[in-house]
Amino acid sequence: MPQLTEGLWTILLLLLLHSTTISSAIVQPRQASGSTYSPPYYPTPKGGWLPSWAEAYTKASALVKQMTLAEKVNVTTSTGWSMGKCVGNTGQVHRLGYPSICSQDGPVGVRYADLVTAFPAGLTTGATWNKALMKARGTAMGEESKAKGVHVLLAPSIGPLGRVPTGGRNWEGFGSDPVLQAYGGKLTIEGIQGAGVQATVKHYIANEQEHFRGDGFMTTTISSNVDDRTMHEIYLWPFSEAVRAGVASVMCSYNMINSSYGCQNSQLINGVLKNELGFQGYVMSDWLGQRSGVASALAGLDQSQPGDGTSWANGISLWGSELSRSVLNGSVPVDRLNDMVTRTVAAWYKLGQDKGYPEVSFSSWTKADNDVLYKGANTGPTVRVNSHINVQGNHKDVARAVAREGIVLLKHEGNVLPLAKADVIRVFGSDAGGNPQGPNACGDRGCNTGVLGMGWGSGTVDYPYLTTPIDAITARGSNVQSSLSDTVNSQTTQLAGTANAKCLVFISSDGGEGYITVEGHAGDRNNLLAWHNGDALVKAVAGACKNTIVVIHAVGPVIVEAFADLANVKAILAAHLPGQEAGSALADILFGDFSPSGKLPYTYGKKDSDWGTSITTSGGGSALAQPFTEGLYVDYKYFDKNNITPRYPFGHGLSYTNFSMSLAKIENLKPFTEIPPAPPAKVSSGIPVYPTNIPSASEVSWPSNIQQKITKFIYPYLDNPNSISVGNYPYPAGYSTTEKPLHPSGGGEGGNPALWDVMYSVSVTVTNTGGFTGKQVVQVYIEFPKGSAFETPIRQLRAFEKTAELKPGDKEVVSFQLTRKDFSVWDTNRQLWIIPTGSFTVHLAESSRALKLSCQTSTLVCV
């Protein structure tokens, strides 16, 4: 069925909200059939049935029962872009002590605030493969958020996964494998929420490119068309772990999934997230990601951000007063509204934010100490908006450790590293220096000038300072000269030709969010080449310098074929996006204070086509189909299936020392059964019960104490609400108010608790056999039984652990617990995780292609 144009839909959606009856012909069409069909799923499962949230729901229910309709609507709808101090500010319920909830980006720290830490990117964190650092970074981000008064930190990002290596926002996540991404997300959530701040995991789901992403009622929106098995085994896996970690909020994405918008996809929100995964928190829209009023509420959306619905900062909401109208006319059931509000308030109680929580102490919209409260309308009382509270503490140490361990040594020959103080050191490239205008000169880091510490977009922060490589190297070396230009000229070759020099060449590749275009890259990268003449600069230096060392700061893989095999290129380091400690962390590695211990969280290919995917950059119509035809074969799994030799494989990373693995052991703890035990029954007694009668229209009449309305501020009130009557709403096909049974793979946060039953334990002894202190990462890949009815990738990451620092000769026994889910595939017919028949091979590896020892589940033999 052809889609309606977006402009027409905007008009029709507004008409729906203002009408009591309307023709059923205006119901949004859906894809009719096929493996990527997104079927309707109604009603929204209510929250409150899991014991882990019971106390929070009891408190929330007691509060919500006292709220008027206007107060409930306030909880669901933010007040408009820049109409409060934060990027998202819900309405408050002052009478009952429920505050305006401050939501703030983001993935590398507190956006738009001063005196905060600019942490390394998620991708850098993933490259550490260090679980303790993943959590420590999350804890530090949470502590800074709370100290600034932020209730909800819009982090972590576990979508995009990195299906396409040129995807603009891949750098915000932890890597291109669902298990690595899941650990990064889960541990970050535990850190943030352990500090008392609500985490928001994003972007749900299959949000894999910036072109046509669908924000702000774009004319054309990408539809990620994903089959059910791929969805579960690849894109949903990290979100399942996030829900299992107790995440407070999930942000739905801009894009369509199987021809249905992410923030009104009833199958994915109601059916998968809230039933199958047992999510008890609330779903918020991405900013201007809400595409309808009634339909999104019925599909499971709980909170509208930033409140504006049809355009940025115009004060016109799809909810707010229109949600009040929809409740009064019966199109949105009171039951649904009560659940929306209860889920949101329960998260506030669960994080203990009802007692002594700090006030918001900064403004996202001005650097002035005092300014008007409603900056978006340039009105309101003049108040203290920036208190300049320093919340950094000792978090620079965490940031530096993450940046340091996120550096991956890709190539190392001739013991060119580490550097010594007395070495003749020559440094090349603008990426070694700083931005002459200052590190925060470009809004939301929308430029690539100087050392690249983070990508661009809403997932950025302001640097409190930025240590540059040239400053850090100069401070450590006694004979350092540089040419911080990307242009190849006689000075370049003359400097590179210095006798006995070790030449460091800095190159970069940037990417970010689609609302900013940098040097022709509209969010997504145009290709995987180094920017700023990088290849030519490396080749020119290597042509004159026998000991050339290349340092790459990038948002993902870079094609290095122009220089990787040159005899004079002795070392290549992927330093990723290090944040404020860029120079100091790199110097720690270059000068041998620490051995490199990072591993690639994605694959380095030899050409852009090696990954088998690409960004969709052209097309028309309201829904632009993007079939995920590669299915399960993302990143290294695609390379393996198609026998493509990578330049550097997933999980690769060298060290200044050497390690061995020995004495591998495997033990069976629980016998396999094809299907898991039945999930526990749903305890409906914990679900709050409220009256379902439509409230009095007087509850949303304008209060007498509001004499002057604030322009652009989103209110819950209506003119003449008594004129509204209940009508016949044209509900979507498949709409029902009859509660559906528990999903067969549900039963707990993240899914059936039996999925995390430990089936096998595996251990291996790691020995430092070299001459330098260092850390090693042991990676566990599972190879599924041959001849299974389910086609599976050749091998799949299922676990990893990083050792402590091991001195030469030291040993450490590394242990793993492998769960039922680790050995399972998703059966789309039975809607169950099942274990295929046969013997599994458990590989203990240094990368996806460096398999050191292997254990058989059938014989319990390791070789």
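Mentor: A residue counts as buried when its relative accessible area is under 20%, as exposed when it is over 50%, and as partly exposed in between, with a 1.4 Å probe and the protein chains only. Helices (H or I, at least four residues) and strands (E, at least two) are DSSP runs numbered from the N terminus. This is a predicted model, in which local features need pLDDT of at least 70 and side-chain atom pairs count only at pLDDT 80 or more, while totals for chains, interfaces and linings use all residues. Residues are numbered from 1 along each chain as its sequence is written, and side-chain values use heavy atoms, with hydrogens and water left out.

Trainee: Why is strand 22 called largely enclosed by the rest of the structure?

Mentor: Of the 7 residues in strand 22 (residues 796-802), 6 are buried, so the rest of the structure largely encloses this strand.

Trainee: What makes strand 21 and strand 22 a pair?

Mentor: Two strands pair if DSSP finds at least two bridges between them. Strand 21 (residues 777-783) and strand 22 have 6 bridges in the antiparallel sense, and therefore they meet that definition. Within this pairing, Tyr781 has Leu797 of strand 22 as its bridge partner.

Trainee: How do strand 26 and strand 27 run, and how many bridges join them?

Mentor: Strand 26 (residues 841-847) and strand 27 (residues 850-856) run antiparallel and are joined by 6 bridges. The two strands form a hairpin with 2 residues between them, and Ser847 stands opposite Ala850 in strand 27.

Trainee: What makes strand 1 and strand 9 the edge strands of the open sheet?

Mentor: The open sheet has 6 strands in the order 1-2-3-4-6-9, with mixed pairing, and strand 1 (88-89) and strand 9 (282-285) each pair on one side only. Inside that order, strand 3 (residues 152-154) and strand 4 (residues 198-204) run parallel and are joined by 2 bridges, with Val152 standing opposite Gln198 in strand 4.

Trainee: Which strands does helix 8 lie across, and at what angle does it run to strand 4?

Mentor: Helix 8 (residues 266-276) lies across strand 4, strand 6 (249-252) and strand 9, and runs at about 135 degrees to strand 4; axes here are lines fitted to C-alpha atoms, for helices over the stretch in contact, and angles run from 0 to 180 degrees between N-to-C directions.

Trainee: How do you know that helix 8 is mostly covered?

Mentor: Of its 11 residues, 10 are buried, and among them are Leu268, Ile269, Val272 and Leu273, as well as Lys274 and Glu276. Just after helix 8, Gly278 takes a positive phi of about 65 degrees.

Trainee: Why is Ser483 called buried?

Mentor: Ser483 has a relative accessible area of 6%, which the cut-off therefore places in the buried class. Ser483 lies in strand 14 (residues 479-483) and, not counting residues up to four places away in sequence, touches Val427, Phe428, Gly429, Gln491 and Leu495; contact means heavy atoms within 4.5 Å.

Trainee: Why does Ser701 count as partly exposed?

Mentor: The relative accessibility of Ser701 is 26%, so Ser701 falls between the two cut-offs. Ser701 is found in the loop between strand 19 (659-668) and strand 20 (758-768), and its contacts, leaving aside neighbours within four places in sequence, are Tyr717, Leu718 and Pro721.

Trainee: What makes an empty space a cavity and not a pocket?

Mentor: On a 1 Å grid over the protein atoms alone, a cavity is a set of points where a 1.4 Å probe fits but cannot get out, whereas a pocket is an open set with protein on both sides within 12 Å along at least five of seven lines; lining residues have an atom within 4 Å of a point. The structure holds 8 cavities of 30 Å³ or more. The largest cavity has a volume of about 150 Å³, and its lining of 17 residues has Pro439, Cys447, Thr449, Val451 and Tyr463 nearest the centre.

Trainee: How many residues line the largest pocket, and which lie nearest its centre?

Mentor: The largest pocket, with about 1100 Å³ of space, is lined by 39 residues, of which Thr90, Gly91, Gln92, His94 and Ser100 lie nearest its centre. The elements that give two or more residues to this lining are helix 3 (69-76) and strand 10 (370-374), and the largest share, 3 residues, comes from helix 3.

Notes: Points joined across faces, edges and corners; volume = space filled by probe spheres on them.
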